[in-house]
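Please look over the structure shown below, with its aromatic contacts, its surface and its ligand surroundings in mind. The briefing that follows takes up these topics in turn.

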Amino acid sequence: MSLEQFKNRNVGTQNYVMLDLGKEPANNWEKFKQVVRRSVKLELFTGLKVTFREMIKALFMGEMHTVKYPFEKLPIAPRYRAIHEMKRLLESGHYRCIGCGLCEKICIANCIRMDTRYDENQRKEVSEYTINFGRCIFCGYCAEVCPELAIVHGGRYEVSSEQRASFALFEDMLTPIDKLTEQKEYPGFGAVSPDADKKIKKTPLAY
Amino acid sequence: MDGYIIGTIIKAILILAIISALAGFGTYLERKVLAFMQRRLGPMHVGPYGLLQILADGIKLFTKEDFIPSHANRLIFMIAPAITAATAFIALAAVPLLPEFTIFGVKVRPIVADLNIGILFVLGMMAAGLYGPLLAGLAQHNKWGLLGAARTAVQFLSYEVVTGLAILAPIMMVGSLSLIDFNNYQTGGIGSWLIWKQPLAFILFMIAGYAETNRTPFDLLEHEAEVVSGYATEYSGMRWGMFFIGEYTNMITIGFLASLVFLGGFNPWGFIPGGLAIILKVSFLFFLMLWIRAAWPHVRPDQLMWLCWKVLMPLAVINVTLTGLVMMV
Ligand code: SF4
Ligand code: SF4
């Protein structure tokens with residue numbers, strides 16, 4: 001099956017296959033015959049057979065579906081959009097965010113609040129940065145728009161907490177400095193594509 | 001005579017304790033079997049393999065608020081669950097559960113009352129049990145409860161007829177209404193089981209039994225998708241639990257009845273002693289109920305009535321007539 005089939009959302013143009021349900025019984029005699037046919041063909045017992053087979057499979061052939069959730073977790077997709085993370089530069093350990101404000105501007109839920117100021121070197125510094133996760137819809141626009149790959153989505157999806165402010169501060173989202181070597185790039189929205197090097201062309205100097 | 005009374009009381013208490021414990025265990029088994037058939041694990045966390053789940057559920061049911069809705073008829077609302085549970089246990093009184101055995105030199109017959117109309121008594125008691133859901137539904141001032149009660153009336157009343165007619169043919173062959181006589185009629189090994197002589201009656205009896213115990217495919221009384229919880233909508237805590245103990249006890253009773261009447265009862269089965277044989281048979285019939293619940297969809301009320309009055313009842317009548325003719329010739 002190709003991906004095209006799933007991408008086609010024009011409902012009604014696909015080739016639906018009608019199941020052959022047989023003829024509707026027209027009168028009582030035909031209805032009666034249908035009941036007899038179904039009972040004698042033992043269709044009901046096929047159902048029993050299927051459930052029993054599934055039970056044997058589950059019990060003895062290791063096909064149990066249950067995931068014991070808090071103890072076992074299913075792997076999530078790399079592009080999954082959960083609680084945001086702020087990344088650091090690998091070389092200096094400084095946070096990547098340059099305070100451009102694009103994420104604040106694009107956020108459709110209007111839930112990013114940030115402020116910047118000049119630090120002692122007259123460089124822009126992020127003085128305040130929070131995301132109100134009560135309003136965030138996890139659309140991923142902020143990660144997509146960020147020019148520095150600074151704000152990305154992480155994989156933390158267990159986000160119940162007693163405080164609205166949990167997870168939401170800049171420091172909470174920032175990679176801890178001692179975990180810098182474990183910092184992983186986010187392959188989702190806005191990330192550099194794996195073949196990015198090949199796609200880059202030299203800009204000609206002469207016109 | 002004193003010994004007889006004391007013995008009967010001891011037997012009654014023992015049966016009450018064991019069967020209600022088994023009924024509780026039945027809920028655990030049901031959840032486990034249904035889970036396995038859907039490739040799930042079922043209860044796992046309370047005790048090893050979730051075995052103590054019944055205990056946890058019991059504690060929960062006992063400590064829950066005993067809630068009576070306003071506008072409900074308080075008295076009837078309160079006694080309705082007791083009717084279901086009590087009749088279910090009373091029905092068991094006339095059922096011989098195991099073969100006779102000797103303990104401390106006393107010969108014990110594991111039946112509380114060997115009535116000469118045993119089977120009639122059991123069926124009558126189970127039929128009386130329908131007052132439980134019926135009154136519960138009517139008393140609770142809730143439209144879903146009322147619908148559940150209406151369904152109780154149509155379902156149980158019609159299936160009572162089929163049960164009676166289906167079991168009439170075996171009764172004619174055995175010539176007695178005592179369940180012990182049924183058992184003694186089938187002493188000659190598997191070949192003498194009544195199921196071979198009365199296969200149709202067996203099938204009819206099982207279908208009617210499922211309808212009477214309110215099991216899938218005939219669980220119309222409290223079908224969540226249609227009537228919320230039917231007659232049990234407003235019930236909570238132990239009153240609700242009593243309906244369930246009643247239902248599971250009825251399942252066990254139907255299992256015993258079917259084994260005694262059609263499947264050779266507690267006669268030794270090859271090398272298997274009689275006591276174990278009947279436990280195996282009842283266990284299988286109980287498992288069959290769970291299995292069918294996992295596999296089959298339930299029917300609509302109109303289909304149920306159609307099946308009962310237009311298919312099963314004529315078949316039962318034909319069966320009785322044929323049995324009579326064969327016995328005359
Ligand atoms: S994911 Fe969407 S809603 Fe959430 S902060 Fe980013 S842009 Fe705003
Ligand atoms: S878009 Fe990126 S670099 Fe710009 S302010 Fe937001 S996080 Fe910082």
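In this predicted model, Phe52(A) has a relative accessible area of 32% and is therefore partly exposed, since it falls between the 20% limit for buried and the 50% limit for exposed residues. Its aromatic partner is Trp291(B), with 5.1 Å from centre to centre and 45° between the planes, an arrangement that counts as tilted. Because Phe52(A) lies in helix H3 of chain A, residues 43–60, while Trp291(B) lies in helix H12 of chain B, this pair joins two chains.

**Aromatic pairs**

- Trp291(B), in contrast to its partner from chain A, counts as buried, because its relative accessibility is 14% and the limit for buried is under 20%.
- The ring of Trp291(B) also pairs with that of Phe287(B), and this pair is tilted because the centres are 5.6 Å apart and the planes stand at 35°, an angle that is neither under 30 degrees, as stacked would require, nor over 60, as edge-to-face would require.
- Phe287(B) and Trp291(B) are both part of helix H12 of chain B, where they are four residues apart, or about one turn of the helix.
- Elsewhere in chain B, ring pairs join Phe77(B), Tyr231(B), Tyr235(B) and Phe243(B) into a cluster.
- Over all chains, the count of aromatic pairs comes to 19.

**Nonpolar surface patch on chain B**

- A nonpolar patch of about 750 Å² on the surface is formed by Leu98(B), Phe101(B), Ile103(B), Phe104(B), Val106(B), Leu276(B), Ile279(B) and Leu280(B).
- Two elements of chain B, strand E1 (101–103) and helix H12 (274–295), each give two or more residues to this patch, and the largest share, three residues, comes from H12(B).
- Ile103(B), one of the patch residues, belongs to strand E1 of chain B and is partly exposed, with a relative accessible area of 39%; this value meets the condition for patch membership, because patches are made of residues with over 30% relative accessible area.

**Ligand surroundings in chain A**

- Around ligand 1 there are 14 residues, of which Cys107(A), Cys136(A), Cys139(A), Gly140(A) and Cys142(A) come nearest.
- By class, the shell of ligand 1 consists of eleven nonpolar and three polar residues, with no charged residue.
- The residues around ligand 2 include Met86(A), Met114(A), Pro147(A) and Ile151(A), together with the cysteines Cys97(A), Cys100(A), Cys103(A) and Cys146(A).
- The shell around ligand 2 divides into ten nonpolar and two polar residues, and it too holds no charged residue.
- Cys103(A), which is among the residues around ligand 2, lies in helix H4 of chain A, residues 102–106, and counts as buried because its relative accessibility is 8%.

**Separations within chain A**

- Cys103(A) and Leu48(A) are separated by 55 residues in sequence and by 57 Å in space, taken from C-alpha to C-alpha.
- Glu43(A), a residue of helix H3 of chain A, counts as partly exposed at 40% relative accessibility.
- Between Glu43(A) and Val159(A), the separation is 116 residues in sequence and 48 Å in space, again from C-alpha to C-alpha.

Terms used
Residues numbered from 1 in each chain as written. Chains lettered and ligands numbered in written order. Predicted model: local features only at pLDDT ≥ 70, side-chain atom pairs only at ≥ 80, totals over all residues. Heavy atoms only, no water. Patch = residues over 30% accessible without salt bridge, like charges linked within 9 Å, V, L, I, M, F, W, Y side chains within 5 Å. Areas by Shrake-Rupley, 256 points an atom, 1.4 Å probe, with all protein chains shown as cover. Salt bridge = Lys/Arg side-chain N within 4 Å of Asp/Glu carboxyl O. Buried < 20%, exposed > 50% of the residue type's maximum accessible area, 1.4 Å probe, protein only. Near = heavy atom within 4 Å. Nonpolar A, V, L, I, M, F, W, Y, C, P; charged D, E, K, R; others polar. Phe/Tyr/Trp six-rings, centres within 6.5 Å; stacked < 30°, edge-to-face > 60°.
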